[in-house]
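Colleague: Please take a close look at the aromatic ring pairs in this model. I would like the geometry and the burial of the side chains treated together.

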Amino acid sequence: GNIPGSASNATWTLEDVQTFAHEFGHALHTLLRDSPFYGFSKAQLPMDFVELPAQFFTAWVIQPDVLLSLQASESEPKSPTEYVQRTLIRRDIAPAHTLQRQLAFALADLHLHAYQKATELPQTPPALFTVSNRELSRYYPVPDGTGLIASFEHLFKGYDALYYSYLWADVVAADILAHFAPAPKGLRDPEMGLRLRHKLFAPGAQEEPSQMLQEFLGRPPNPDAFFEALSKHPMVHSLQDKTQ
């Protein structure tokens with residue numbers, strides 16, 4: 001949508017909106033906690049759970065009902081279905097490729113942090129690139145002789161062996177979004193929003209993440225909604241139509 005108060009009437013890209021929504025999720029997770037003690041704040045949660053609110057809102061803004069409310073350009077297709085499909089394809093033209101990339105980076109991260117001694121680590125950049133490229137290429141082919149791992153900044157800023165948390169959070173976020181579907185007002189249902197606040201945001205680190213998710217969902221989380229959403233991506237549908 002158009003940036004409020006902007007004299008130039010500049011328009012945010014979908015990536016801008018999702019980045020804002022992601023960080024907004026982190027902000028809410030901090031602002032809505034009930035515990036007065038830092039020891040029970042969001043910062044003390046297991047790291048894999050910390051990304052869940054952020055990834056939830058990142059996914060929330062691209063749900064069809066929400067996405068349509070963000071439509072700003074008059075040049076976009078008039079059909080709501082066509083608009084949603086075109087927008088999602090522009091955002092992620094190959095969802096399976098994106099998933100493979102996340103798997104590759106998560107597994108390479110875990111492998112590089114599995115060494116028990118410093119002497120076991122590759123001792124030169126070329127040796128490190130050889131090992132990391134081999135691990136990355138299990139799901140995301142990397143050309144020999146390149147140093148893709150050198151730009152993998154999460155390895156060095158607090159996500160050591162925890163990059164998987166983004167994909168884990170995507171899977172759980174899809175489960176939470178699906179839980180909103182039966183609500184009277186869907187993704188904007190105030191009662192479900194309050195339930196999300198009280199069950200997942202407010203406790204901070206006073207409860208175990210698995211317990212909080214169990215209380216919100218009424219069952220343990222599962223990946224069914226994630227895989228269903230992936231199968232409904234318009235590009236996946238397009239490819240399925242061509243192969244039938």
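Modeller: Phe227 is partly exposed, with a relative accessible area of 48%, in a model that is predicted. Its ring partner Phe226 is buried, at a relative accessible area of 14%. The ring centres of Phe226 and Phe227 are 5.6 Å apart and the planes meet at 70°, so this pair counts as edge-to-face; the cut-off for that class is over 60 degrees.

By the pairing rule there are 13 aromatic pairs. Another one is formed by Tyr163 and Tyr166, with centres 5.4 Å apart and planes at 45°, so it is classed as tilted. Tyr163 has a relative accessible area of 10% and is therefore buried, and Tyr166 is buried with 12%; the limit for burial is under 20%.

Some rings are linked further. Trp12, Phe20, Phe24, Phe56, Phe57, Trp60, Phe180 and Phe201 are joined into a cluster by ring pairs. A charged side chain also meets a ring: Arg101 sits over the face of Tyr140, 6.0 Å from the ring centre.

As for the setting, the protein consists of twelve helices and has zero strands. Of its 244 residues, 38% are buried. Among contacts between residues at least 6 apart in sequence, 64% join residues at least 24 apart. The exposed surface of the protein comes to about 14100 Å², with 58% of it supplied by carbon and sulfur atoms.

Methods
Residues numbered from 1 in each chain as written. Predicted model: local features only at pLDDT ≥ 70, side-chain atom pairs only at ≥ 80, totals over all residues. Heavy atoms only, no water. Phe/Tyr/Trp six-rings, centres within 6.5 Å; stacked < 30°, edge-to-face > 60°. Buried < 20%, exposed > 50% of the residue type's maximum accessible area, 1.4 Å probe, protein only. Lys NZ or Arg CZ within 6 Å of the ring centre and 35° of its normal. Helix = DSSP H or I, 4+ residues; strand = E, 2+ residues; numbered from the N terminus. Contact = heavy atoms within 4.5 Å. Areas by Shrake-Rupley, 256 points an atom, 1.4 Å probe, with all protein chains shown as cover.
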